[in-house]
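Visitor: I have a chain on screen and some labels to check. Can you take me through the reasoning behind them?

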Amino acid sequence: MQKELCEIFKLKNYSTDLQEASTLDYYTGAVWWGKEQGLNPQQLSGLFTVVYNLFENVKEQHMNKVDNLKEFKAVMMGIEPEYPDVKSAGLDFFSVAQAKAIAQYINTSLFQHYNLYQFMFTHTQAEEIIGTDLSIEVAKPSTLPFPPPLHEGVQDDMYASFIATPPPTPPPVEETPKEDEPTVPDIDAFNDLTVDDVREVIESVAKEMLGGLQNDLAAKLREKENNIIQRINKIHKVSE
């Protein structure tokens, strides 16, 4: 019954939408109550028409309770036989007892919860998004080896030293000569020297290095010579 009502009224989200769920529940309860009362198909159709119109007044028209009660009273008029002058609203195929039972059912199922239905159909339902993270492990590509069993495990330093494949050696970088720096040709400066030039260079270097030493020796010799002369002079004076 619920599946047929969902297809008729296009209630596709009744499992998550509170408004559609309450609509389906109310219509299903009304049809099931009519079947329990033993109503024939015509009476069951009339009951559902009354229930549908009253419920739509709350759902779509947002009609207040008093006006909706007036609508219900107008629909049920003409059923009582003691008032033949009252024009029937089309539900004269119900008996007085059935009309009273219908009024009692609609009062307990709809009008007693009228404020709740009004609140539900005038407010937007809060949306709650629930997500689930699912981790899936897939097999590695065939190009990669699977890890060894745990009993074959080794320490990291031993693995890095003896088992792991060393990283590839980077290719050597070729150094190109800079264009801004001029190349200096190799020149042998001693090829053009003669014997006299070499002798002259040696003599000049010797004079520079030994000239100061010769002067020091001469000064020391003069000093010793003066000391000796002074001693000799002292000896002559003593002898006189």
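**Helices and their packing**

Guide: The chain comes to eight helices and zero strands. Note that this is a predicted model.

Visitor: In what order do the elements of the chain run from the N terminus on?

Guide: They run α-α-α-α-α-α-α-α.

Visitor: What makes α1 oblique to α2?

Guide: Start with the angle. The axes of helix α1 (residues 2-9) and helix α2 (residues 18-36) cross at roughly 125°. Roughly perpendicular covers 65 to 115 degrees, and roughly antiparallel needs over 145. The value of roughly 125° fits neither class, so α1 is oblique to α2. The two axes also come within 10 Å.

Visitor: Is the crossing of α1 and α2 left-handed or right-handed?

Guide: Right-handed.

Visitor: Which residues make the contact between α1 and α2?

Guide: From α1, Gln 2, Leu 5, Cys 6 and Phe 9 take part. From α2, Leu 24, Tyr 27 and Thr 28 do. Contact here means heavy atoms within 4.5 Å.

Visitor: How do the residues of that contact divide into nonpolar, polar and charged?

Guide: Five are nonpolar, two are polar and none is charged. Leu, Phe, Tyr and Cys count as nonpolar, and Asp, Glu, Lys and Arg as charged.

Visitor: How much of the chain counts as buried?

Guide: Of its 240 residues, 19% do. The cut-off is under 20% relative accessible area.

Visitor: And what share of the accessible surface belongs to carbon and sulfur atoms?

Guide: The surface comes to about 20600 Å², and 56% of that belongs to carbon and sulfur atoms.

How values were computed:
Residues numbered from 1 in each chain as written. Predicted model: local features only at pLDDT ≥ 70, side-chain atom pairs only at ≥ 80, totals over all residues. Heavy atoms only, no water. Axes fitted to C-alpha atoms, helices over the stretch in contact; angles between N-to-C directions. Helix = DSSP H or I, 4+ residues; strand = E, 2+ residues; numbered from the N terminus. Parallel < 35°, antiparallel > 145°, perpendicular 65-115°, else oblique. Left-handed = near helix turned anticlockwise from the far one by under 90°. Buried < 20%, exposed > 50% of the residue type's maximum accessible area, 1.4 Å probe, protein only. Areas by Shrake-Rupley, 256 points an atom, 1.4 Å probe, with all protein chains shown as cover.
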